[in-house]
Amino acid sequence: MKIDLHTHSSVSDGTDTPTQLMAKAAAAGLAAIALCDHDTFDGLDEAAQAAAAAGVELIRGIEISAELGGQSVHLLGYGCRAADDQLLAELARVRAGRTERIPTMLQRLAEAGMPVPKEVLARHIAGSPSVGRPHLADAMVELGYVADRREAFDGWLADDRPIFVPRYSVPLRPALELIRAAGGAAVIAHPWGRQSREVLSEEVLTGLAGSGLLDGVEVDHQDHDQATRDELRELAGTLGLLATGSSDYHGLGKVNHELACNTTAEGVYRELRYRIDERGGMA
Ligand code: AMP
Ligand code: FE
Ligand code: FE
Ligand code: ZN
């Protein structure tokens, strides 16, 4: 049973619609898939319909922009009740921050000699409620300023590059509490990938495990090399955290993140579903 617990659609910064994504999941031989768009549940109803048609189990997910000590932490929530008012309010605040920073980034791009007309950007946002730097990157590609998203991030958009403008993210502990209150299960995405390794130390992960609010960590992810995976898997085992594996698929938006390139063990998947069920979530 192949299970991929972290993917994105065009409802955030992926390039496949939820319907296209579910068809590709079936074609890739996935039995179960989680759609985890950034800071929005908007793709999930379409995904559920398409998953049923494609014969794939859908787990309703989200990737919440969280932070700890000012560092970005991505938090996967599985099975959250999408009508939870407190969670919805906090997600709306994150999305507002995403939208509000865009004019400043456009101004900085123009000052750097790379003007991006609003209508070009709008075409790449394509109605997404969760505007991300990848949309800006795609506009820069179209205008010939960079070759691909990676070049846009490495040269201009990454957190330590000149165009970057920070935005609101949910403090990690309240984010974990919101997921729990909405009946969901919480897994930290790519905890020892690019940005978050310094802040998510062994000591911090130990504290989070002790809080009882964290269910697991994403161990098998393309941003983790083999040594990192081995080390993190062992720590997860020691701390009683579930270890997941996923592609973080973004369609054409991320190379080397093909569907099912990493997968989650069936036992871990069943345990997540069991916990969501126990908590009154909606897996
Ligand atoms: P934002 O959501 O605006 O904070 O932008 C962060 C998102 O950009 C991440 O969730 C990734 O999907 C994407 N991203 C970050 N770094 C890169 C990169 N080097 N190449 C392509 N996409 C990236
Ligand atoms: Fe993304
Ligand atoms: Fe992420
Ligand atoms: Zn992701």
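## Exercises on helices H8 to H10 and an iron site

In this predicted model, Gly-183 comes just after H8 and has a positive phi of about 85 degrees.

**Exercise 1.** Identify the buried residues of H8 and state how they are arranged around the helix axis.

Solution.
- Start with the range. H8 spans residues 172-181.
- Pick out the buried positions. They are Leu-172, Ala-175, Leu-176, Leu-178 and Ile-179.
- Look down the axis. The buried residues of H8 fall within an arc of 160 degrees, so they line one face of the helix.
- Now find the cover. It includes three strands listed here by range: E3 (57-68), E4 (71-78) and E5 (170-171). Strand E6 (185-188) is also included, as are helices H3 (85-100) and H9 (202-211).

**Exercise 2.** Work out which residues of H9 are buried, which exposed residues lie on the face turned away, and what the buried ones pack against.

Solution.
- Buried in H9 are Leu-205, Leu-208 and Ala-209.
- Viewed down the axis of H9, these residues lie within an arc of 100 degrees, so they line one face of the helix.
- Turn to the face away from the buried side. Exposed there are Glu-203 and Gly-210.
- Check the partners. The buried residues of H9 pack against H8, E6, strand E7 (216-220) and H10.
- Finish at the end of the helix. Gly-212 follows H9, and its phi is positive, near 75 degrees.

**Exercise 3.** Describe how H9 and H10 cross, and classify the residues that make the contact.

Solution.
- Take the geometry. The axes of H9 and H10 (residues 226-239) come within 10 Å and cross at roughly 35 degrees.
- Assign the hand. The crossing is right-handed.
- List the contact residues. H9 supplies Glu-202, Leu-205, Thr-206 and Ala-209, while H10 supplies Leu-232, Leu-235 and Leu-239.
- Sort by class. The contact has five nonpolar, one polar and one charged residues.

**Exercise 4.** Name the donors of the iron ion (ligand 3) and place them along the chain.

Solution.
- Find the donors. Glu-63 (OE), His-74 (ND1) and His-190 (NE2) coordinate the iron ion (ligand 3) at 2.1 to 2.2 Å.
- Write the spacing. Along the chain, the donors follow E-x10-H-x115-H.
- Locate two of the donors. Glu-63 is in strand E3 and His-74 in strand E4, 11 residues apart.
- Check exposure. Glu-63 is buried, with a relative accessible area of 0%.
- Look for the other metal. The iron ion (ligand 2) and the iron ion (ligand 3) are separated by 5.6 Å.

Conventions. Residues are numbered from 1 along each chain as its sequence is written. Chains are lettered from A and ligands numbered from 1 in the order in which they are written. This is a predicted model: local features need pLDDT of at least 70, side-chain atom pairs count only at pLDDT 80 or more; totals for chains, interfaces and linings use all residues. Side-chain values use heavy atoms; hydrogens and water are left out. Buried means under 20% relative accessible area, exposed over 50%, partly exposed in between (1.4 Å probe, protein chains only). Helices (H or I, at least four residues) and strands (E, at least two) are DSSP runs, numbered from the N terminus. The arc is that of the directions from the helix axis to the C-beta atoms. Contact means heavy atoms within 4.5 Å. Axes are lines fitted to C-alpha atoms, for helices over the stretch in contact, and angles run from 0 to 180 degrees between N-to-C directions. A crossing is left-handed if the near helix is turned anticlockwise from the far one by less than a right angle, and right-handed if clockwise. Ala, Val, Leu, Ile, Met, Phe, Trp, Tyr, Cys and Pro count as nonpolar, Asp, Glu, Lys and Arg as charged, and the others, Gly among them, as polar. Donors are N, O and S atoms within 2.8 Å of the metal (3.2 Å for Na, K and Ca); water is not among the atoms, so sites may look incomplete.
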